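Trainee: Could you take me through one part of this model up close? I'd like to look at the aromatic rings, and then at whatever packs and pairs around them.

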Amino acid sequence: MRQRLRPLPAEQDPFTDLLFNALLAFTFLFIVALIFLHPPTEQGRIDIKAEYLISATWGDNLPDDVDMWVEDPTGNVIWFNNPSAGFMHLDRDDRGISNDQMLVDGREVINPLNQEVVTLRGWTQGEYVVNLHYYDSETGNPVDVNVRVARVNPVLEILYYEEVTLRDKGEERTAVRFTLDSEGEVSNINTLAKALVSVDTL
């Protein structure tokens, strides 16, 4: 009876094994080094943290200057000359059309939007006061200002929205007062007048 003969396995050379393993280790270290030399880029990613937004918006293209003043429960007051205090930040001092010009591709463009926005990146338990001040009037007419208070987290929720009319240059009105508790819940919304604008600060 014929039997098929199988070739015997070749003996392995220890030096070849050592050389092969060294080559594998070198290749692995080279790949790891490449990963750390070129970490993945995350272009355009901005983490924005905000809990509440307070906005004041008046007519597009109006040259009149309206300012928002906000006081927190600890007595911090933010306005155009003090745009940041505590958890509050005034994003922009909108002065009507006087600072709304911008250059786009070498051409001057006017942003018609008149709006000031205060961001609360956290909160302190207690009462917040939001005032409007008719700083300057080019038209000499009353200005209707829409005031909105919104909670951002966990989902956007409008807590207050009302239109306030400023009739004369220099007029200050309390647009809204509200209280935040330790959980960030809003209560005691009212418009009782409280002056924040001081002539000495202007």
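Mentor: Here is a walk from the rings to the cores and then to the sheet.

A word on the ground rules: this is a predicted model, where local features need pLDDT of at least 70 and side-chain atom pairs count only at pLDDT 80 or more, while totals for chains, interfaces and linings use all residues. Numbering starts from 1 along each chain as its sequence is written, and side-chain values use heavy atoms, with hydrogens and water left out.

Now the rings. Searching the whole structure turns up 5 aromatic pairs (rings of Phe, Tyr and Trp, the last by its six-membered ring, with centres within 6.5 Å; planes under 30 degrees apart are stacked, over 60 edge-to-face, the rest tilted). One of them is Trp 79 with Phe 80, an edge-to-face pair at 5.0 Å centre to centre and 80° between the planes. Phe 80 also pairs with Tyr 135: the centres sit 5.6 Å apart and the planes meet at 80°, so this pair is edge-to-face. Phe 80 is in the loop between strand S3 (77–78) and strand S4 (84–85), and Tyr 135 is in strand S9 (residues 126–136), so the pair ties together parts that are 55 residues apart in sequence. Strands here are DSSP runs of E with at least two residues, helices are runs of H or I with at least four, and both are numbered from the N terminus. Put Trp 69 in the picture too, and ring pairs link Trp 69, Trp 79, Phe 80 and Tyr 135 into a cluster.

Are these rings buried or exposed? Trp 79 is buried, with a relative accessible area of 9%, whereas Tyr 135 is partly exposed at 36%. The cut-offs are under 20% for buried, over 50% for exposed and partly exposed in between, with a 1.4 Å probe and protein chains only.

Trp 79 also belongs to a core of 6 residues, with Val 77, Val 129 and Val 197 among the others. A nonpolar core is a set of buried Ala, Val, Leu, Ile, Met, Phe, Trp, Tyr and Cys residues joined through side-chain atoms within 4.5 Å. That core lies apart from the largest one, which has 29 residues; Ile 54, Val 70, Val 118, Val 130, Leu 132, Val 145 and Phe 178 have the most contacts inside it. Elements giving two or more residues to this larger core include strand S1 (52–58), strand S2 (65–71), strand S8 (114–120), S9 and strand S12 (172–180).

Two members of the largest core deserve a closer look. Leaving aside neighbours within four places in sequence, Ile 54 is in contact with Met 68, Val 70, Glu 116, Val 117, Val 118, Val 130, Arg 148, Val 149 and Phe 178, contact meaning heavy atoms within 4.5 Å. Phe 178 is in strand S12 and is buried, with a relative accessible area of 2%. Beyond residues up to four places away in sequence, Phe 178 touches Ile 54, Val 130 and Val 149, and its other partners include Tyr 128, Val 186 and Ile 189. Its C-alpha is 9.7 Å from that of Leu 159, at 19 residues apart in sequence.

On to the sheet. It is open, with 6 strands in the order S4-S5-S8-S1-S10-S11 and antiparallel pairing; two strands pair if DSSP finds at least two bridges between them. The edges are S4 and strand S11 (157–166), each pairing on one side only. S1 and S10 run antiparallel and are joined by 7 bridges, with Trp 58 opposite Val 145 in S10. Next along, 9 bridges join strand S10 (residues 143–151) to S11, also antiparallel. Asp 144 has Thr 165 in S11 as its bridge partner, and Ala 150 stands opposite Ile 158 in S11. A hairpin of 5 residues connects S10 to S11.

Stepping back, the protein chain has 1 helix and 13 strands, with the helix coming before the strands from the N terminus on. Of the 202 residues, 31% are buried. Among contacts with a separation of 6 or more, 67% come from residues 24 or more positions apart. The chain exposes about 13,700 Å², with carbon and sulfur atoms supplying 55% of it; that area comes from the Shrake-Rupley method with a 1.4 Å probe, and for residues only the protein chains shown count as cover.
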